[in-house]
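Biologist: I have a new model on my screen and would like to understand the words people use for it. Could we go through it together?

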Amino acid sequence: MKQRRSFATFRAVSAMMLREMTTSYGRSPIGYLWEILQPVAGIALLTLVFSVMLASPPIGKSFVLFYTTGIVPFMAYQAINTKVAQSISFSKQLLVYPSVTVFDAIAARFTLNFLTQLLVGFLLFTGVLVFEETRTSMHLPTIFLGVLMLGAFALGLGTLNCFLFGILPGWQRVWAVLNRPMFLVSGILFLFEHIPEPYRSWMWWNPITHIVGQVRRGFYPFYDAAWVSPAYVFIVSLVCMAVGVVFLIRYTLDIINN
């Protein structure tokens, strides 16, 4: 029974991933290209504005690389968290079948969108390193740890929001409002060390700040970022995941039938 269920889960997740690829990207004239154009536009705008205002970026020699190391992780977190949080509403019609569970829907949406964001990040960073004189060298294990932190936090928070979106109809709008200032308080535009107290201490509690700092540390070998705590990010992710899973097990049928 366990083997049959595992095979059924794999089939369900694969089918739901193919369905989302068709519905989310296949119907658009630019499809996956839009996922690349969004961060490119943001990076270009920030580079243009701050290169006029400042003589040099907060770290390194390249404005483009500095803002890419901030915008790409942040937009990846936003995309994955949002997609996972909407798993029930996106696949509600399929969840009436006994062989399809809400965790199949979450796994499918997370896997597809995590891989999509990895591809987007790879293309953007490759373009920056090839066409821009960055004068830096990558440390892949450090970047890989940042990617794991990003995936864990987006999945954990997305799972919790998946329950909250379903059980509280107004929470999605409230969350959208609460999430708007995150771009300004996640260390994207400035280095964490340059933020004055007490705001720096407040920003430390934001897991996205740690993710951005970890990714930047991987692209700037001379950037210490000793304040980054992967353990803190993984603990917050695990807590969000555990709470979300417990309540989804209890209230999934209520949410589907609502």
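Biologist: Which helix gives the most to the lining of the second largest cavity?

Modeller: Helix 5 does, with 4 residues. Please keep in mind that this is a predicted model. The lining of that cavity is made of P39, V72, M75, A76, Q117, V120, G121 and L124, and helix 3 also supplies at least two of its residues. The space inside is about 40 Å³.

Biologist: What makes the lining of the second largest cavity nonpolar, polar or charged by class?

Modeller: We sort each lining residue by type. Val, Leu, Met, Ala and Pro count as nonpolar, while Gly is put with the polar ones. The result for this lining is 6 nonpolar, 2 polar and no charged residues.

Biologist: How do you know what counts as a cavity, and how many of 30 Å³ or more are there?

Modeller: A cavity is a space where a 1.4 Å probe fits but cannot get out. The search of the whole structure finds 3 of them at 30 Å³ or more. The largest cavity has a volume of about 50 Å³. Among the residues lining the largest cavity are S186, F190, R216, Y223 and W227. By class, that lining has 6 nonpolar, 4 polar and 1 charged residues.

Biologist: And the largest pocket: what is its volume, and which residues are closest to its centre?

Modeller: Its volume is about 450 Å³. Of the 21 residues lining the largest pocket, G121, F122, F125, I143 and V147 are the closest to the centre. Helix 3, helix 5, helix 6 and helix 9 each give two or more residues to this lining. The largest share, 8 residues, comes from helix 5. By class, the pocket lining has 17 nonpolar, 4 polar and no charged residues.

Biologist: Why is the contact between R250 and D254 called a salt bridge?

Modeller: The cut-off is 4 Å between a side-chain nitrogen of Lys or Arg and a carboxyl oxygen of Asp or Glu. For R250 and D254 the N to O distance is 3.7 Å, so the pair meets that 4 Å limit. Side chains of opposite charge can pair when their charged atoms come close. R250 and D254 both lie in helix 10, 4 residues apart, about one turn of the helix. The whole structure has 1 salt bridge by this search.

Biologist: Why does R250 count as exposed, and why does D254 count as partly exposed?

Modeller: Exposed means over 50% relative accessible area, buried means under 20%, and partly exposed is in between. R250 has 51% relative accessibility, so R250 counts as exposed. D254 has 41%, so D254 counts as partly exposed. Over the protein chain of 258 residues, 45% count as buried.

Biologist: How do you know that the radius of gyration of the protein chain agrees with that of a compact globule?

Modeller: With 258 residues, a compact globule would have a radius of gyration near 18 Å, and the protein chain has 19 Å, so the two agree. Along its principal axes, the C-alpha trace spans about 60 × 40 × 35 Å.

Biologist: Last one: how many helices and strands are in the protein chain?

Modeller: There are 10 helices and 0 strands. Many contacts also link distant parts of the sequence: among contacts between residues at least 6 apart, 76% join residues at least 24 apart.

Notes: Residues are numbered from 1 along each chain as its sequence is written. This is a predicted model: local features need pLDDT of at least 70, side-chain atom pairs count only at pLDDT 80 or more; totals for chains, interfaces and linings use all residues. Side-chain values use heavy atoms; hydrogens and water are left out. On a 1 Å grid over the protein atoms alone, a cavity is a set of points where a 1.4 Å probe fits but cannot get out, and a pocket is an open set with protein on both sides within 12 Å along at least five of seven lines; lining residues have an atom within 4 Å of a point. Grid points are joined across faces, edges and corners, and a volume is the space filled by probe spheres set on the points. Buried means under 20% relative accessible area, exposed over 50%, partly exposed in between (1.4 Å probe, protein chains only). The radius of gyration is taken over C-alpha atoms; the globule rule is 2.2 Å times the number of residues to the power 0.38. Contact means heavy atoms within 4.5 Å.
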